[in-house]
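Thank you all for coming. I would like to walk slowly through a few places in one structure, which I will put on the screen now.

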Amino acid sequence: MEFEPLSLSSEVIEFDMIGLGDDVAIDMEHSVEDDEDLVNVDNSHATAITGLADGVGPQIAGGDTNLEPCHGMEFESEEAAKAFYNSYARRVGFSTRVSMSRRSRRDGSIIQRSFVCAKEGFRVEKERHSVDGRVKRPRAETRVGCKAMLIVKIQDSGRWVVTSFVKEHNHELVPPDKVHCLRSHRHVSGPAKSLIDTLQGAGIGPSGIMSALIREYGAISNIGFTERDCRNYMRSSRQRTLGGDTQILVDYLKSKQAENPSFFFAVQGDDDHCMNNIFWVDPKARANYSYFGDTVTFDTTYRSNRYRLPFAPFTGINHHGQPVLFGCALLINESEESFVWLFKTWLEAMSGRPPVSITTDHDRVIRAAINHVFPGTRHRFCKWHIFKECQEKLSHVLSEHHNFEADLHKCVNLAESIEEFESCWFSLIDRYNLQEHEWLQAIYGDRRQWVPVYLRDTFFAEMSITQRSDSINSYFDGYINASTTLQLFVTQYEKALESRHEKEVKADYDTINTTPVLKTPSPMEKQTAGVYTRRLFIKFQEELVETLTFLANKVDEEELITVYRVARYGEIHKAYFVRFNSFEMKATCSCQMFEFSGLVCRHILTVFRVTNLLTLPSHYILKRWSRIAKSGVILEERSTSLSHGAQESLTIRYNNLRHEACKYVDEGVTSLEVYDVAMSALQEAVNKVALATKNGGKQVILNGVCEEDLHQSNEATTSCSDPSFGSQQSSHKDDQDRTIEKLTRQLDRARRKCEFYRSNLLSILKDIEEQKLQLSVKVQNIKLEMKD
């Protein structure tokens, strides 16, 4: 290819880094190469593309858009030339961009443009600014040095003429059914924007909107953009719609923090200093997490048609089986980076303790963020959300086969083993001839994250494996809906918190002031009636009563382990297997209900009945389900292999340290002077703890002097002051040994007394918590009577 001679006295050549107009899809030369990123959502240049025949010279009069560029072809404007080349590229199967321009030195106007294949040249590595030296988001290499291009130059007549055209590419071209994925051909048109705005206003998420667009345009290739482009447009639309209203929420959060320094909130901003996401958590939510944070639900219901507001609470389940709040977020940006920021911020607010399990919507972006922030947490997709998605993705199947949905529910919910589910699934797929359905293939690939039979070995605090948790989409039911504005949101949020608190107090009252009706003479039923909350006892009672219809037969025995086959009378074919250790009084069942819900199943209780185990062993009564769940002892340490006693001790130590630290922080932020003193004391404490940790906790610091060093110093002083020390060294050694033995015995006695006092103290603390609970209920009753 040859360039025409250029007079440097009148013209200047430049590489255009910002391109023409607003079309970043084809004008960005240097930075964005990933087809999954932002594309142009402004249709300011649409006329040049859609009205191609009106802007092209006589060579394509009549609107023949099947022409191939050629040397000497003329256009009315450079925009028309760009539109024609991009239209040609769409037919052929490649993406374009603006590469180079020449400007006149006389007036700075553009006199020449170069449009190239997007794979032209090679990536130029630029300096990356990051904390650890790594690229924040590595992008795939897309440039391969392709030479295809079109150069146009302005003539004295004002028209633009093609001076050079290179047709050949050094890479494969994209077939017609995938050309809509190419960057320069992805464009959110005006009609598409209107439909997206309407559906977004109704609370429908990106996946649902894309399905509607496919139905509207006939095929995804006819839409002209991808789901990622739809997400990006929705994000910018949210920012425009919310506008300054978000400041109302920020002002509210600032006022709450001024009232209580323990109130935490954070705001994320992007590179353009535009507010993206807001997160907040109050002290009560933090306390709730310390008691019930073993399993968490991240509820992004704004994706469904239920909520318009991009609002996402973190919730859990308390000891009454009620939803409890762990924090909230207002999400304007749904990118992976934003979810990573949110999860890290939430984890920081919760003292860095990740949950055992977390439940979210079925979303690949959220999954990637959770894998990054919570690598050791079991991640589950909400089964209810997947079944709801099924109605959308398989609408044609449901309309043709009325039994399909019921068969799918049976396959997922009633399978007792992995083998049974796998067999049932493939039978279902074959029966309805859905072997090639992409969505079904995708959710089958994710089966370990939503099908119950794969999740029973992990604690999710649910009483039923087949039903969805009450915490999903329920905490703010009745308070936030599709018409809730940010102005109204603050008021509704406060009302929801108050309502949930009232319900918990009422559940406390019912637990304390109502005596459960016992249905059996079992001492175990009477025992648990006084330990569990009312609702949890009813669940346990159901399991206990069911044991009367079950039989347990011994099928194997090896040393301390006995295996029982447990089945309902008359249903011997449907059996469960329980392994029972009579020495440790521990049992495991093939149904794994205890691992999943924290309540002992009817099959284990049947074995306890036939082996005359009259009371429920303490390790089967989780504190989080008991009446004293909020008495101060934090979560059971499920992830450790410590014994039960050591486990409880570790939990108590953690709770005491955390409680004292929180008081320290609350007092330390009251003023700058107190803050300085607190930081100085904290640093001194850190040094002491580090020294004790280094020495295994054996050295004690007394007045800044190590006890061991002080003992050695006393010995040295004695040896120097006593002239007979050498001759009496042996007898002194014997006296020291006897003294050590005597002190050791005294120390053992003191330790036993301490353990006794400690046990009594814990009992007193539990009684105090019980009295506090009763007083709280009495106060609530008085309030209710005053209202009446």
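**Helices and a charged patch**

Let me begin with Arg752, which sits in helix 25 (residues 729-787), where helices are DSSP runs of H or I with at least four residues, numbered from the N terminus. Please keep in mind that this is a predicted model, in which local features need pLDDT of at least 70 and side-chain atom pairs count only at pLDDT 80 or more, while totals for chains, interfaces and linings use all residues. Residues are numbered from 1 along each chain as its sequence is written, and side-chain values use heavy atoms, leaving out hydrogens and water.

Arg752 has a relative accessible area of 55% and is therefore exposed, since exposed means over 50%, buried under 20% and partly exposed in between, with a 1.4 Å probe and protein chains only. On the surface, Arg752 joins Lys742, Arg745, Arg749 and Lys753 in a patch of positive charge, a patch being residues with over 30% relative accessible area and no salt bridge, with like charges joined within 9 Å; a salt bridge would place a side-chain nitrogen of Lys or Arg within 4 Å of a carboxyl oxygen of Asp or Glu.

Turning to helix 9 (residues 283-292), we find Ser290, which counts as buried because its relative accessibility is 8%. The side chain of Ser290 reaches the backbone oxygen of Ala287 at 2.5 Å. At the N-terminal end of helix 9, Asp282 acts as a cap, with a side-chain oxygen 3.1 Å from the backbone nitrogen of Lys284.

Finally, is Phe343, in helix 10 (residues 336-349), buried or exposed? Phe343 is buried, because its relative accessibility is 0%.

Conventions: Patches are made of residues with over 30% relative accessible area and no salt bridge: like charges are joined within 9 Å, nonpolar side chains (Val, Leu, Ile, Met, Phe, Trp, Tyr) within 5 Å. Accessible areas come from the Shrake-Rupley method with a 1.4 Å probe; for residues, only the protein chains shown count as cover. Lys and Arg count as positive and Asp and Glu as negative; His and the chain ends are not counted. The place of a charge is taken as NZ of Lys, CZ of Arg, CG of Asp or CD of Glu. Helices (H or I, at least four residues) and strands (E, at least two) are DSSP runs, numbered from the N terminus. A polar contact is a pair of N or O atoms within 3.5 Å; within protein, one must be able to donate a hydrogen and the other to accept it, and residues adjacent in sequence count only if both atoms are side-chain atoms.
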